[in-house]
Every structure is written in structure tokens, then in C-alpha cells.
Amino acid sequence: MSDLRNSELNLELNRERFRISQDFLALYNRPGPRYTSYPTAPVWREDFGPDDLETVYGQAEAAGTPVSLYMHLPFCESLCLFCACNVVITKDHSVAPPYLATLKSEIEHVSQRVSRARPVVQFHWGGGTPTYLTPAQMEDLFGFAAQKFSFAPDAEIGIEVDPRVTSTQHLETLRRLGFNRLSMGIQDFDPEVQQAVKRVQPLEMTSELIAGARALGFDSINVDLIYGLPYQTADRFAHTVDEVLALAPDRIALFSYAHVPWIRKQQGSLAMSLPEGMEKFRIFCTAIEKFLHAGYQYIGMDHFAKPGDELAVAQRQRTLHRNFQGYTTKAGSDLYGMGVSAISAIGSAYAQNYRELPRYTETVDRRGIATMRGYRLSEDDLLRRTLITRLLCHAVIRKEEIAREFAIDFNDYFAPELARLQPFLEDRLIELYGDEIRVTLLGRIFIRNVAMIFDPYLEKQHLAEQPLFSKTL
């Protein structure tokens, strides 16, 4: 990749060259959802409560669908300034036992509505920092869940770990319990960037953790990077990418820093030192080129995987799925979220728990579950969710496939959307092949923008007047 001048760059992807101008970037780099759900969370309703979710539980039980479990463990010892997750910051680990007791009560309640004939095919612990817990606490929580649900022999069991607080004993305990996937944050190895975001994590610390995990036989290791952080440049981030490639993770997530200080006030202190516009795009493109050159498959948006990884295989076989945990191979399962702020996606409904720890605790104690809001999808919602999910997973929309599945005339039903796709065609972000709309390699960078064309709720949300989402780049 080489600069033409400050307002343009040449991007080379798999031997294809693209000239990207500042005007092009300004056109497509605008606020938009990541589409871990459709409709997105701002559309959900607060009049959807625990009774509604109980009805959804009953419908899923009658359908007999496989189960995916998510448990949110919100505690962290310190706050990373870039973070927009729902976390509780405290060095006082005495907060964990009461929370785990409440979480167990919720697990007990939910498990009574999930028969053991329905296998758990995916189990994930997120946070926060799940390894904030002691190994003994992790063993106790996992054992309790394993008693209440029936796990498939090949279940995907994953956890997010922080190398700064994850010990060898943690890893040994997790592996013995049956965890087979690890995901860890790196963000950037550059010391100045780490200091700016208050997450100091040397390369050696991360390397030792990955080596330990591989020695214990974890099947898959994912690392998270973030571009757009303070003091990053394309050259400096390229050094981090080279160091990551030397670690040879199975999957890499390259997230855009979501600057949302209206949601996370601590981010306001970062504003003056953030790379923006063309420089941020250069950082992203530098990483993409290096990952592709190293043989990783571009899954889409911001995910990469080795060609033999399950994600890459599932994408080639068109069985890849997307949910609140990102890309997954477990299509067709219902996601039961437990813990403070956790989200469920069950059948044609979404539900989210209260975000505030006291409210979550009080509601579980009183009701067994802690639903604060949710949403039931209409027929049009289900159609558009299917279309957007397949677009983001496979980078292609097969019109005849959608038309047959939902008994519609695709070109007629989506006539306004097809007209609005014309600029994407002219800008080489999409291509038309018969009844297919294919996203180009360049278009995958802006695939959220393509998905937004099919989202009628965005116009009603008046995004120009009130920020709801981070920018797409």
C-alpha cells in the first residue's frame, strides 16, 4: 500500500488495487449498527418483561431447538479507557460470591424451562473479565451449570480471558472442565498506546499465555485487536500485527474503536489523540493486507481465521451464523443469556437483562429472571434478519433463496432498497451476478453500510440528530 497524497491511498487486496479518496471515505464512514441482532437493540421495547420471556421459553421448548448458553461475568480490577462493555470495576473480590449466588438462581430458573433432551452446543463466558474469578469459583459455577443442562459431546465451550490476571492454574482448571476455546484481548502491543488506554500488557505476557493454552490442548485461540486507538499510526500498528502473526492465533478480530463518549464517559479523555478519517483507514488496511498475505481468510467486517478453522470452513459451506457473540458455527440454536445485562435470542424474540447490578439482583431474587426489555420480530423483521445475517456471514444475497424461503417476489419486495444499492455498484462495493448480489473484497470493509440499506428502522431513529451507533469504520 502506498500513499498518493494525503487525501488518497492505494489499497491492494488479493492483487486487486483500489484508489480510495477522502470523499469516498466520508461517504461511507458513518454511524451504523454492527448487526449482532436485527432489529437492533434501540428498537426493543421496555414493555417486554419476564412474563413475555417465559412464553418465549415455552415456545422454544416445544420446538426442541439446540441451546447456546451465555453467562456474563462483569467484574474487572481496572477500567480500560476504550471499553464500552457493561462492567463493574473493583479490586475487592468479595463482590464475586454474592453475584455468583444470584447467577446460580437464574441458571436454576432457566434450566427448569430447558429439557435435557435439548443439547447445549455452545457455552460462553464473557465479561468483564471471567478470570477475575478464582479457579475454585470457576469450577463451582461450571459444575452447577453442567448439572442443570445437558452438554453435547462436541459442545463449543469458550471463555474471554485477560492475560494480566489469568494464571496457569486458571488455564489448567478451564481445560480440565472442558473449555476448548479462548479469546483474549490484545488491542495493541505499542507501549504508548497501552499507557494511553490504561491497559499495559507486554507481548511476553500474552505469548506465555498462548503457549500455555496450546500446551494444554485448547482447540482454538482468538485474539482481539482494536484500531483507531490514541497514538496509533499505520506503521506502528503494522509492528503490532507482525507480532500477532508470530503468535499464530487461529482467529483474529480487528475491531474499530467505538468512540461513544455519550455512553461511556471515560472515553472523552481520548478524543484529542485519536487517528481519524484517512489515517484510521490506513491502519485498518495495513492490517488487512498483512492478514491476507499471511494466509488468513477474511470472514467479513473485522474477523479473520485460518483456512482450516471452523469459522472459515463454515463460511465456505454457507453454514456460518452470527449472534451477540459475533460469528459462530452454531446456527439454529437458541441463545439463553444469563447474568447482568445478558441478552437472549430465542426463536423470533430478543430479551435483555437489567444492566445495573442491584436491579438485576433484586429482580432475580424476586422473579427468577431479570428481563428489562425485549422484542418480538414481525414477519418482515424475520425476512430482513435472514437477509442481513446471510449478507454479513457469506457476503452474498441469493435472491431466489430468500424469495423461496419467504414466498416473496424479491425484486418487487425490495425495489426501493435495490435502487439505493446503485451507488455501491458504481463504487465497486458490490457486484451483480444473475440473481445474486455479491459483496466485493473492498465491499467487505463497508459491509455494514450494505446491510443498512435493508434496515428501515434507521430512518426512524434520526441518526443525524442523536448518536446511537459508532461509525462503520
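1. A word on terms first: on a 1 Å grid over the protein atoms alone, a cavity is a set of points where a 1.4 Å probe fits but cannot get out, and its lining residues have an atom within 4 Å of a point. Grid points are joined across faces, edges and corners, and a volume is the space filled by probe spheres set on the points. Please keep in mind that this is a predicted model, where local features need pLDDT of at least 70, side-chain atom pairs count only at pLDDT 80 or more, and totals for chains, interfaces and linings use all residues. Residues are numbered from 1 along each chain as its sequence is written, and side-chain values use heavy atoms, with hydrogens and water left out.

2. The whole structure holds 2 cavities of 30 Å³ or more. The second largest, at about 30 Å³, is lined by Leu-53, Tyr-57, Glu-106, Gly-337, Ala-342, Ser-344, Ala-351, Gln-352 and Asn-353. Strand 18 (349-353) and helix 2 (50-63) each supply at least two of these residues; helices (H or I, at least four residues) and strands (E, at least two) are DSSP runs, numbered from the N terminus.

3. The largest cavity has about 90 Å³ of space. Among its lining residues are Arg-34, Tyr-227, Asp-302, Arg-444 and Arg-448. At least two lining residues come from each of strand 11 (251-256), helix 17 (441-445) and helix 18 (447-452).

4. Have a look at Pro-33 too, in the loop between helix 1 (22-28) and helix 2. Pro-33 counts as buried because its relative accessible area is 2%, and buried means under 20% (1.4 Å probe, protein chains only). Beyond its neighbours within four places in sequence, Pro-33 is in contact (heavy atoms within 4.5 Å) with residues including Thr-40, Arg-448 and Phe-469.

5. Finally, an open sheet of 3 strands runs in the order 20-22-21 with antiparallel pairing; two strands pair if DSSP finds at least two bridges between them. Its edge strands, 20 (396-398) and 21 (430-433), each pair on one side only. From one strand to the next, the twist averages 15 degrees. Strand 21 is joined to strand 22 (residues 436-439) by 4 bridges, and Tyr-433 has Glu-436 as its bridge partner. Helix 12 (residues 379-394) packs on the sheet, touching strand 20 and strand 22, with its direction at about 135 degrees to that of strand 20. Axes here are lines fitted to C-alpha atoms, for helices over the stretch in contact, and angles run from 0 to 180 degrees between N-to-C directions.

Conventions. On a 1 Å grid over the protein atoms alone, a cavity is a set of points where a 1.4 Å probe fits but cannot get out, and a pocket is an open set with protein on both sides within 12 Å along at least five of seven lines; lining residues have an atom within 4 Å of a point. Buried means under 20% relative accessible area, exposed over 50%, partly exposed in between (1.4 Å probe, protein chains only).
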